[in-house]
Amino acid sequence: MLMSDTKKEHFVPRCYLENFATDRLTVDLFDKWKVQPRRNQRIINVAMENEFYDMDLAELLKLLEPEEYVRAKEDLKAIVGTDQWDDVAAIIGNKKYLEKDFFSKLESMYALVLESIIHKSYNGNTWTIRNCKCMSPAEKDLMSVFIAIQHVRTRRFRDTLDDMMTGAIQTMAYKRQLDDDNPLPKESFKVKMSPEHAKLQHSLIILDPVVMGHLVEILMNHIWVMCINKTNIPFYTSDDPVVKIPHKNDEGFKSFSGFASDGIEIAFPISPKLMLCLFDPKVYSQLFTDLQFYEITDPDEVTYYNWHQIHNCYRYVFSNNTDFHDAERFCVDHPEHQQYLSQIEVL
């Protein structure tokens, strides 16, 4: 790796994007913000930002409130496996810790598991579809970890987290003065989180074994189905590839778009020809068995899943095919979803 590349930190791993490459080094992409396809983009230059995870965690912890600071220190000691804070400080003082130590070790295993899963599909031959499991139980366990981390490591997740924190602070400031003689409207309270503080909160979630362990357990308990694409339309992926598709609606205010929601489906493309779908077992146990293959022969079904990738992406959709007609049509039909919009509303 060139020294100039050390600043480039991916929120979608290169070992994953290589499965969607036009060759091993490049991928075609669609820029949703600009409604513009681009061919042969180097994978090292996409789904990344310079120094996205870089920080001196030990220094940034001091920005927390006292109770948060104590809790964060205990969590980090548990992660490292020591009772001595000095041992932890020696590790987290490395500003490249997340990128070079945490993610790189995971991604070396991730690449091997992805290769194994793709190989086991045998290009979707009929015997494999009818008689084989799409992965071993151990591979399912590992993929649950990788999918959980993929969900939380993205730019969209960080921006959403930022929105939640600023919205909560704005609401608290507004409510504290409601008993005043001349209370100000909520819009008068402008709150902006510092980028470093947002990065700190983001990193603490990624490293939190309780939060991540809970998400991993939810994913493992779903029914996993490997969809094999038998059409000529490739599956897209994106800069935020873990997509939640709710299939239940409620007349009230309850959302059914969580990872554990009734009727939820979670779609995660593996390659242009393979996609993992995770289904709520309470609803789908009569339709699917865990770790089965499922053949997709209808192009409209592939388009349906690609539409969700386009809708869910932060900015970029990736493919091994420069035909982004569906992405262009989405932007024409839904211009309100072209750029990131906060879904957080704190009352």
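**Close-up 1. C227, a buried cysteine outside any disulfide**. C227 is buried, its relative accessible area being 3%; here buried means under 20% relative accessible area, exposed over 50% and partly exposed in between, with a 1.4 Å probe and protein chains only. This is a predicted model, with residues numbered from 1 along each chain as its sequence is written. Local features need pLDDT of at least 70, side-chain atom pairs count only at pLDDT 80 or more, totals for chains, interfaces and linings use all residues, and side-chain values use heavy atoms, leaving out hydrogens and water. As a reminder, a disulfide is a covalent bond between the sulfur atoms of two cysteines. With a disulfide taken as a pair of cysteine sulfur atoms within 2.5 Å, the count comes to zero. C227 is in no disulfide, and the nearest cysteine sulfur, in C277, lies 3.7 Å away.

**Close-up 2. C313 and the closest cysteine sulfur**. The partner to look for here is C331, whose sulfur is 7.9 Å from that of C313, too far for a bond. C313 is buried, with a relative accessible area of 0%.

**Close-up 3. Y122, a residue with positive phi**. Y122 sits in the loop between α5 (97-120) and α6 (126-131); helices (H or I, at least four residues) and strands (E, at least two) are DSSP runs numbered from the N terminus. Though not a glycine, Y122 has a phi near 45 degrees. Y122 is partly exposed, at 46% relative accessible area.

**Close-up 4. L291, a buried loop residue**. Look for L291 in the loop between α11 (281-284) and β10 (292-296). Its phi is positive, about 70 degrees, although L291 is not a glycine. With 7% relative accessibility, L291 counts as buried.
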